[in-house]
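Hi,

Here is the structure I said I'd pass along. Have a look at it first, and then read on for what turned up in it.

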Amino acid sequence: MISRPLPQPHWPLWLALALPSLALLAAAGQADADLDELTALSGQAAAILLVAAIASTGAARWLARPQALIRHRRALGLAAFGTSVVHLALYAAAMGALAPMLAELDAPGIWTGWAALALLVPLALTSTDAAQRRMGRGWKRLQRLAWPAAALALAHGYLVHDGQRLALLLAFTLAIFQLYRFNLGRTAR
Ligand code: HEM
C-alpha cells in the first residue's frame, strides 16, 4: 500500500530543531570560538537527531496515537541532515582550507562521515510530499538508506577523537528500538 503524505509539523517544531545549529553557528562567529569543540558538538547533535528520526518508528508503537510521532519523523530526518551540513561547515572552518581536508579524506574516521552525509543527500532531496507521491513504493525503499547512513555516522563518531561513548550509547538505543520495531512489536498486544 502506498502511504499518504502526513500533515506537516508546525513552525515551532522546525524552530526547535534548528536551534542547536543556530546556536553553534552564532558561537562560531565569536572571536574566541573553539571550532574543534563546536565541530564535535554539531556532530553529536546530528547523530542524536538521525538516531531519533529512525527510532521514532519503533517508539511510535508504544503510543496510543502513533501518527502524532510519525508525522514528525521527516522533520527529525531533515534536521539531522541540516545539522550535518552545519557540522561540515564548522569542520571546514576549523581546518581552514581545502587541502588539509582532502589530505585526511582516506582516514577511516573521516571518510565514514563523508559517506554518511552522502547517503543523507538523496533522502533530504526527496523529502517533499511531491517526491513521495511521484516515487510511490520506491520512496520507502530509498528511505532505508537512513540505516546505513546511521551505521556510518556512528562508526565515524566512534573513530574520531572522543566520540566513543556517545556512539555506543546511540548504537545501543537504536538497536533496542529497531528490535522492538521488527520483532517484539509484532508479538506484543
Ligand atoms: C561531511 C562529512 C563529515 C566530516 C568531514 C566530519 C568530521 C568530523 C570531525 C573532524 C570530528 C571530530 C571533531 C573533534 O572532536 O574535534 C567529527 C566528530 C563527530 N561527527 Fe562528524 N563529520 C562528518 C559527517 C558527520 C555526520 C553526517 C554525522 C552524523 C549524522 C557526524 C557525527 C559526528 C559525531 C557523533 C562526532 C563525535 C563528536 C564527539 O563526541 O566528539 N559527522 N566529525
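Let's start with Thr57, which sits in helix 2, the stretch covering residues 35-60. One thing to keep in mind throughout: this is a predicted model. Is Thr57 buried or exposed? Thr57 has a relative accessible area of 16%, and the cut-off for buried is under 20%, so Thr57 counts as buried. Its side chain has a partner too: there is a polar contact between the side chains of Thr57 and Arg73, at 2.8 Å.

Next, the salt bridge. How many does the structure hold? The count is 1. The two side chains in it are those of Asp129 and Arg74, with 2.8 Å from N to O. This pair ties together distant parts of the chain, as Asp129 belongs to helix 7 (residues 129-135) and Arg74 to helix 4, with their positions 55 residues apart. The two partners fall into separate accessibility classes: Arg74 is buried because its relative accessible area is 19%, while Asp129, at 22%, counts as partly exposed.

Just before that, have a look at Thr128. You'll find Thr128 in the loop that runs between helix 6 (108-125) and helix 7. With 43% relative accessibility, Thr128 is classed as partly exposed. Its side chain comes to 3.1 Å from the backbone nitrogen of Ala131. As for longer distances, Thr128 and Pro100 are 28 residues apart along the chain, and their C-alpha atoms are separated by 36 Å.

Now for the surface, where three patches came up.

- Positive charge: Arg137, Lys140, Arg141 and Arg144 gather here. Arg137 is part of helix 8, residues 137-143. Arg137 counts as exposed because its relative accessibility is 56%, and the cut-off for that class is over 50%.
- Negative charge: this patch brings together Asp34, Asp36, Glu37 and Asp162. Asp162 is in the loop between helix 9 (146-159) and helix 10 (164-187). Its relative accessibility is 64%, so Asp162 is exposed.
- Nonpolar: Trp11, Trp14, Leu15, Leu19 and Leu22 make up this one, and together they have about 540 Å² of accessible area. Leu15 is located in helix 1, residues 11-28. At 41% relative accessibility, Leu15 comes out as partly exposed.

A few loop residues are worth finding on your screen as well. Where is Ala31? Look in the loop between helix 1 and helix 2. Ala31 is exposed, given its relative accessibility of 90%. Going 12 residues along the chain takes you from Ala31 to Gly43, and the C-alpha atoms of the two are separated by 22 Å.

Ala31 also shows up in a distance to Arg71: the two are 40 residues apart in sequence, and 40 Å lies between their C-alpha atoms. Arg71 itself is in the loop between helix 3 (66-70) and helix 4 (73-95). Its relative accessibility is 23%, so Arg71 is partly exposed.

The last of these loop residues is Arg65, placed between helix 2 and helix 3. Is Arg65 buried or exposed? Its relative accessible area is 63%, so Arg65 is exposed. From Arg65 to Leu24 the C-alpha separation is 34 Å, with their positions 41 residues apart in the chain.

If you'd like a short route through the model, try these stops:

1. Thr57 in helix 2, with its polar contact to Arg73.
2. The salt bridge of Asp129 and Arg74.
3. The positive patch that includes Arg137, then the negative one that includes Asp162.
4. The nonpolar patch, with Leu15 among its members.

Happy browsing!

Conventions
Residues are numbered from 1 along each chain as its sequence is written. This is a predicted model: local features need pLDDT of at least 70, side-chain atom pairs count only at pLDDT 80 or more; totals for chains, interfaces and linings use all residues. Side-chain values use heavy atoms; hydrogens and water are left out. Patches are made of residues with over 30% relative accessible area and no salt bridge: like charges are joined within 9 Å, nonpolar side chains (Val, Leu, Ile, Met, Phe, Trp, Tyr) within 5 Å. Accessible areas come from the Shrake-Rupley method with a 1.4 Å probe; for residues, only the protein chains shown count as cover. A salt bridge is a side-chain nitrogen of Lys or Arg within 4 Å of a carboxyl oxygen of Asp or Glu. Lys and Arg count as positive and Asp and Glu as negative; His and the chain ends are not counted. The place of a charge is taken as NZ of Lys, CZ of Arg, CG of Asp or CD of Glu. Helices (H or I, at least four residues) and strands (E, at least two) are DSSP runs, numbered from the N terminus. Buried means under 20% relative accessible area, exposed over 50%, partly exposed in between (1.4 Å probe, protein chains only). A polar contact is a pair of N or O atoms within 3.5 Å; within protein, one must be able to donate a hydrogen and the other to accept it, and residues adjacent in sequence count only if both atoms are side-chain atoms.
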